[in-house]
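Here are some friendly notes to read with the model open beside you. Take them one at a time, and find each part on screen before moving on.

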Amino acid sequence: MEKVKREGFSSSLVVFFATLSSAVGLGNIWKFPYIVGQNGGATFILIYLLCVLGVGLPVMLSEFILGRSSKKNVMGAISDVTPRKFFKSVGIFGIIVAFAISCFYTAVAGWVYSYIGKAILGKFRGVDTVQAKEIFDTTTVGPLQPVLWQVVVLIVSSIILIKGVRSGIERVARIGMPILLGLLIACAVRGLFLEGGKDAIGYLFIPSFKDISLVSVVMTALGLAFFKLSLGMGTMMTYASYFPDDNNLLGNAVKVIIGDTIVSLLAGMAIFPSVFTFGGEPGSGPGLLFETIPLIFSKLPGGNVLIIIFFILAGLAATMATISMLEVPIAYLSEERKISRKGAVICTSIVVAVVGLLATLSANPQGLLGQKFIFKMTFFNFFDYISSNILMPIGGLLLAILVGYFMKKERIRHELVEKSGNSVGMMNLYYFILRYITPVLLIIVFLSALNII
Ligand code: PHE
């Protein structure tokens with residue numbers, strides 16, 4: 001078969017920044033704090049970490065192995081392992097999930113962009129609860145404002161993506177990640193010096209085992225793990241197809257998971273202390289970022305600057321995660337369908353902009369589609385819910401089965417032992433977990449969610 005020359009990341013440090021830049025995003029800064037808030041703090045974090053270890057890590061490593069060993073997009077990587085039609089559909093499935101997530105993700109990213117502008121214009125100075133809610137509503141009700149900002153997000157992401165893997169994705173991750181981390185640490189340190197800092201630490205780190213419904217909490221934690229680590233739909237696989245051959249796959253997976261967890265906790269430390277200091281509600285839901293943060297930060301000395309910094313860092317994170325999910329269909333279209341990269345980027349962005357209207361216009365109950373329901377959910381919640389809680393875990397299960405049962409062990413060995421320098425013992429441990437633990441855990445969660453066990 002003819003080998004197409006492909007671009008790739010230039011070093012292992014870049015690999016780390018790029019994979020981390022996909023993992024870190026609105027999942028850490030928007031979802032994690034409010035989901036932790038709604039599910040009881042540290043106990044939830046503990047369950048989340050168990051899901052990451054038992055399921056997230058093995059699935060991430062499997063995606064890395066699939067991507068790097070084939071050096072192809074999702075479809076190509078999967079067909080390299082088995083010609084079976086069924087698994088081909090897993091590739092298509094990944095591409096569809098990438099679209100589904102992008103539709104609501106770019107809407108939220110658009111709100112973040114618009115909040116940067118609003119913060120710079122000083123619109124949050126001295127706001128009270130009612131005004132904070134009003135600003136959130138005008139940002140999200142639409143139709144014009146949220147749609148325009150979503151298009152801006154797509155244009156920025158497309159410009160980066162058109163530049164390609166090296167001058168686009170790599171360059172942005174290399175510059176963006178250190179800035180993001182610096183800004184986040186500054187916000188977290190600021191938070192910890194507040195009166196509510198201690199309460200926030202207790203809330204995030206000391207588990208209390210009271211009235212939680214285990215099944216629903218585990219489902220939520222699992223979904224969050226897939227979403228936050230960009231798993232089960234081909235993003236990590238596609239990025240891994242750009243890894244250099246000497247990158248230590250297991251080492252990188254562990255580093256990304258630790259880095260992503262630290263970023264989530266830092267986001268919690270940036271947000272919860274002020275929530276506790278000024279009597280906000282940690283479980284206030286998706287509005288936590290957009291209503292509570294401006295309201296509460298604006299009460300701090302220098303608060304407006306803090307709001308600007310906070311939304312810039314959220315915007316950076318959201319943009320880098322967006323490009324990583326769009327790269328899945330783009331790599332597929334340009335490699336399998338032989339469309340030019342530029343054409344693939346434009347097609348993908350247009351589809352997301354158009355289908356994304358469903359999510360954007362239904363995000364606010366007063367929006368144009370705010371009262372239209374599908375399976376009792378708005379389109380916005382539907383895209384969000386089915387992708388993280390159902391589609392990504394199903395994708396993870398299928399990928400675990402693909403690598404655990406259909407890929408030749410020799411090939412796994414070659415990736416992990418020969419190329420990555422991991423020990424044979426480590427490889428066997430991973431292989432065992434992937435074959436017997438990860439799928440069983442996932443199936444148990446699915447069955448109990450369906451009330452079958
Ligand atoms: N991991 C990203 C976040 O936490 C979201 C994402 C999901 C990115 C799937 C790529 C693919 O925000």
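The points below go from the whole chain to one helix and then to single residues.

1. Start with what kind of model this is and what it is built from. The model is predicted, so please read every value here as computed from that prediction. The secondary structure of the protein comes to 18 helices and zero strands. If you colour by secondary structure, helices and the loops between them are what to look for, since there are zero strands.

2. Next, the overall form. The radius of gyration is 21 Å, close to the 22 Å that the globule rule gives for 453 residues, so the protein is as compact as a globular protein of that length. Along the principal axes, the C-alpha trace spans about 65 × 50 × 40 Å.

3. Now think about inside and outside. How much of the protein counts as buried? The share is 60% of the 453 residues. The accessible surface comes to about 17,700 Å², and 69% of that surface belongs to carbon and sulfur atoms.

4. The way the chain meets itself deserves a look. Take the contacts between residues at least 6 apart in sequence: 81% of them join residues at least 24 apart. Two examples of residues far along the chain from a partner come up in points 7 and 10.

5. A word on charge. The protein carries 36 positive and 23 negative side chains. The centres of these two sets lie 5 Å apart.

6. Helix 17 makes a good exercise. It covers residues 409-419, and its buried residues are I412, E415, L416 and V417. Why can we say that they line one face of the helix? Seen down the axis of helix 17, the buried residues fall within an arc of 160 degrees, so they line one face. The cover over these residues includes helix 3 (42-70), helix 12 (249-277), helix 16 (379-406) and helix 18 (424-449). After helix 17 comes G421, which has a positive phi near 80 degrees.

7. From there, step over to Y431, which sits in helix 18. Is Y431 buried or exposed? Its relative accessible area is 12%, and buried means under 20%, so Y431 is buried. Leaving out residues up to four places away in sequence, Y431 touches V403, G404, M407, K409 and I412. One of these, I412, is also among the buried residues of helix 17. Y431 and P58 are 373 residues apart in sequence, yet their C-alpha atoms are 8.5 Å apart in space.

8. Two loop residues have a backbone angle to check. S230 lies in the loop between helix 10 (214-228) and helix 11 (235-240), and its phi is near 55 degrees, a positive value in a residue other than glycine. F375 lies in the loop between helix 15 (341-360) and helix 16; its phi is positive too, about 50 degrees, although F375 is not a glycine. Their surroundings are worth setting side by side: S230 is buried, with a relative accessible area of 8%, whereas F375 counts as exposed at 67%.

9. K123 gives you a case in between. Its place is the loop between helix 5 (85-120) and helix 6 (129-141). With a relative accessible area of 47%, K123 is partly exposed. Apart from residues up to four places away in sequence, K123 touches K118 and I135. K123 and V141 are 18 residues apart in sequence and 18 Å apart in space, C-alpha to C-alpha.

10. Finish with F16, in helix 1 (residues 12-23). F16 counts as buried at 16% relative accessibility. Which residues does F16 touch, not counting those up to four places away in sequence? They are N252, K255 and V256. F16 and A253 are 237 residues apart in sequence and 8.6 Å apart in space, C-alpha to C-alpha. Try finding F16 and A253 on screen, then compare the two separations for yourself.

Terms used:
Residues numbered from 1 in each chain as written. Predicted model: local features only at pLDDT ≥ 70, side-chain atom pairs only at ≥ 80, totals over all residues. Heavy atoms only, no water. Helix = DSSP H or I, 4+ residues; strand = E, 2+ residues; numbered from the N terminus. Rg over C-alpha atoms; globule rule 2.2 N^0.38 Å. Buried < 20%, exposed > 50% of the residue type's maximum accessible area, 1.4 Å probe, protein only. Contact = heavy atoms within 4.5 Å. Areas by Shrake-Rupley, 256 points an atom, 1.4 Å probe, with all protein chains shown as cover. Lys, Arg positive; Asp, Glu negative; His and termini not counted. Charge placed at Lys NZ, Arg CZ, Asp CG, Glu CD. Arc of directions from axis to C-beta.
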